[in-house]
Amino acid sequence: MPAERVLIIGGRIENVRKAVEQGLGVVYLQQPGQFTPEHAKLVDAALLVDFADWSVVEPIVTAAHKVYGFTRVATTGEAGVETAGRINDLLGLGGVSHGVARLLRDKLSMREHLTRVGATTVPAAEVTDRAALEAFGAAHGYPFIVKPVDGIASLGIQLVRGPQELGAAWERIVELRASEHQFAQYFPLDRFIAEGYVEGPEFSVEAFTFEGRHVIVAVTEKLTDGNFVEAGHVVPARIGTDAERAVEAAVVEFLDAVGVVHGPTHTELRLSPDGPRVIESHNRPGGDRIRDLVEAAYGFDMEAYTVAWPCPGLPAPTGRPPLVQAAATRFLTAEPGVVSRIEGAEEARALEGVVDLDLSVRAGSEVAALRSSWDRIGQVIAVGADADGALATCDEVCARTVVVTGDAPGDDASGAGW
């Protein structure tokens, strides 16, 4: 029997595998439909309930702790961070509290907290009606951002450029509140925030905190194509030394200000003319497989550290690991419609430097308009000697992989790579 156990909430199967590889026993808290035969072979116990429902989770986890004695709780997904914090508080396991996890999830509370403690931030206010939009524009100027308070995947983000766009912005909020999306159970579109717009290139900082000590593992360059849905990522970021130091310092200041004391963080920033400004942060590894880019580039397995640290096989680094190679990802998109055929994918997978080409559509699949990260249809990951080389391979894969869509199967009206 393992000497120690970890409670893992949700996430991909790799979470469980990596914990077991480090000699840990696993108690697994997951949605019933996500439990597989492979999970059953790896875990000591499975708690198959809606882990977003605390009224159900609290008594079950309390009983499981008495039986299995897990000493830590971990999650790599946004949907599990608040539940993990509640369990930490309930059982006295240490780690990130529910209050801190909620502060990171609730972007309005985060802005208000930063203002109270005197940390660098931008103006923000809740949007309850159209008059609130007008008041924010009058007080803070244009352009400004409107987005869900606890949104994810770039869904519902709007740029309001001037008073003439207030009406459309409010109509979009009303539309979003009345809509349903596939993860509405975890990320409801009910509350919205207006906040100052930050102009400048976008980055994210992947860090891990060891008992209050923040280690910056990587600075990721975020690629955009003129909207808020990210088109790709590059590790390491193509950024000057002074700017990189400023970005890192801003993240350390932020993590201290919000009270992160343990575990992974993924903090998104823009480098404005006045310096770095944090857009949002999460106490879990970055999505979009950024964790895989970081591992390919630096050899640091953010996922393994999330579920298994501290343990003998995962020493706490004193600083950023040495760079091994660059890694990049690009996302594939296509015109809305029904997929009639996909061309070039196998040839693209064989290109030197390609780590993975993952397509989530096939002939007959429906492609939606690109309004959030969930509407992307595929992803390529590649490595190279430097960032430009890795990204060039991704671009070549996207150019070769053509997803043809039309109004119905067999209609070749349109197509795209990325």
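In this predicted model, Val81, Glu82, Gly85, Arg86 and Asp89 of helix α4 meet His98, Gly99, Ala101, Arg102 and Arg105 of helix α5. The residues of this contact between α4 and α5 comprise 5 charged, 3 polar and 2 nonpolar. The briefing below covers this helix pair and then an open sheet of 8 strands.

**Helix pair α4 and α5**

- Helix α4 spans residues 81–91 and helix α5 spans residues 98–105.
- The two helices pack at an angle of about 160°, and their axes lie 7 Å apart.
- Because angles over 145 degrees count as roughly antiparallel, α4 is described as roughly antiparallel to α5.
- The crossing in which α4 passes α5 is left-handed.

**The open sheet**

- The 8 strands of the open sheet follow the order β13-β12-β9-β10-β11-β14-β18-β16, with antiparallel pairing.
- Strands β13 (275–282) and β16 (354–359) stand at the edges; each has a single partner strand, so one side of each is left without a neighbour in the sheet.
- From one strand to the next, the twist averages 25°.
- In general, the strands of a sheet pair through backbone hydrogen bonds, in either a parallel or an antiparallel manner.

**Strands β11 and β14**

- Strand β11 covers residues 230–235, and strand β14 covers residues 326–332.
- These two strands run antiparallel and are joined by 4 bridges.
- Opposite alanine 328 in β14 stands valine 234.

Conventions. Residues numbered from 1 in each chain as written. Predicted model: local features only at pLDDT ≥ 70, side-chain atom pairs only at ≥ 80, totals over all residues. Heavy atoms only, no water. Axes fitted to C-alpha atoms, helices over the stretch in contact; angles between N-to-C directions. Parallel < 35°, antiparallel > 145°, perpendicular 65-115°, else oblique. Left-handed = near helix turned anticlockwise from the far one by under 90°. Contact = heavy atoms within 4.5 Å. Nonpolar A, V, L, I, M, F, W, Y, C, P; charged D, E, K, R; others polar. Pairing = 2+ DSSP bridges.
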